[in-house]
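Q: I would like a close look at a single part of this model. Please keep to what can be read from the structure itself.

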Amino acid sequence: MPEKKLKFAVVCSSNMNRSMEAHRCMKKRKFDVKSYGTGAQVKLPGTAANRPNVYGFEWTYAAIHEQLKKKDKYLYTQNGVLGMLDRNKRIKERPEKFQDALEEFDLVVSLDERVYDQIIEDFLTKRAKSYRQVHVVNIDIEDNHEDATIGAFVVCELAKLAQETDDLDDDMDELIHEYEETTNRRIYHSVFFY
């Protein structure tokens, strides 16, 4: 196994469900990981599909939890949102926006194709400074509790394979090809520079 510990970012739209479950799973396995969202706002299920609860990224998970508990404790317990927020606040204080991140990563894992496009757009609009290479991949994971849990294991397996390579830059294409064949999942891959 290589001596260098890779730095990972996992990204979904709101930094609430998929990225936080992957963050939890990877942190438990001792990966160096951060999680982010790319959306303009944080959105959570509301009383109807067309009435989401919307927050800014400055809200803490604890404050969102308290507000939703006051709104309708039964509904938000039944739909799993309060449990999800409990998990999140044990991992970090608040959701974070990928476009504002200053840290440089070896591998950024997007969990939604639309998010992948936003990450690519962010790299294309920023001027390279350190010229450190970063791999950006997308693994589509449905945004529900069950798929987020399964998806977290998929992301952890990819991270394990990436961490075990002797040279991520040289081995990434082969790693993705093999992983796509064994998991029957399509993975998009791009390379950018910080």
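Which residue just after α1 takes a positive phi? Please also describe the surroundings of α1.

A: The model is a predicted one. Just after α1, the residue with a positive phi is lysine 30, at about 70°.

Helix α1 itself spans residues 18–28 and is mostly covered, with eight of its eleven residues buried. Those eight are Arg18, Ser19, Met20, Glu21, Ala22, His23, Cys25 and Met26. The cover over them includes two strands, β1 (7–12) and β2 (32–37), together with the helices α2 (61–78), α3 (81–91) and α5 (145–164).

Met26 deserves a separate word. Leaving aside residues up to four places away in sequence, methionine 26 touches Phe8, Val10, Phe31, Val33, Val155, Cys156 and Ala159. In the largest nonpolar core, which has 27 residues, Met26 is among those that touch the most other members, along with Phe8, Val109, Val137, Ile139 and Val155. Two or more residues of this core come from each of β1, α1, β5 (107–110), β6 (133–139), α5 and α6 (168–183). The largest share is that of α5, with seven residues. Another core, of 16 residues, lies apart from this one and includes Tyr36, Ala101, Val108 and Val115.

Two of the helices that help cover α1, namely α2 and α3, also pack against each other, at an angle of about 160° and with their axes 9 Å apart. An angle over 145 degrees counts as roughly antiparallel, and α2 and α3 are therefore roughly antiparallel to each other. Their crossing is left-handed. By class, the contact of α2 with α3 has eight nonpolar, three polar and four charged residues.

Terms used. Residues numbered from 1 in each chain as written. Predicted model: local features only at pLDDT ≥ 70, side-chain atom pairs only at ≥ 80, totals over all residues. Heavy atoms only, no water. Buried < 20%, exposed > 50% of the residue type's maximum accessible area, 1.4 Å probe, protein only. Helix = DSSP H or I, 4+ residues; strand = E, 2+ residues; numbered from the N terminus. Contact = heavy atoms within 4.5 Å. Axes fitted to C-alpha atoms, helices over the stretch in contact; angles between N-to-C directions. Parallel < 35°, antiparallel > 145°, perpendicular 65-115°, else oblique. Left-handed = near helix turned anticlockwise from the far one by under 90°. Nonpolar A, V, L, I, M, F, W, Y, C, P; charged D, E, K, R; others polar. Core = buried A, V, L, I, M, F, W, Y, C linked by side-chain atoms within 4.5 Å.
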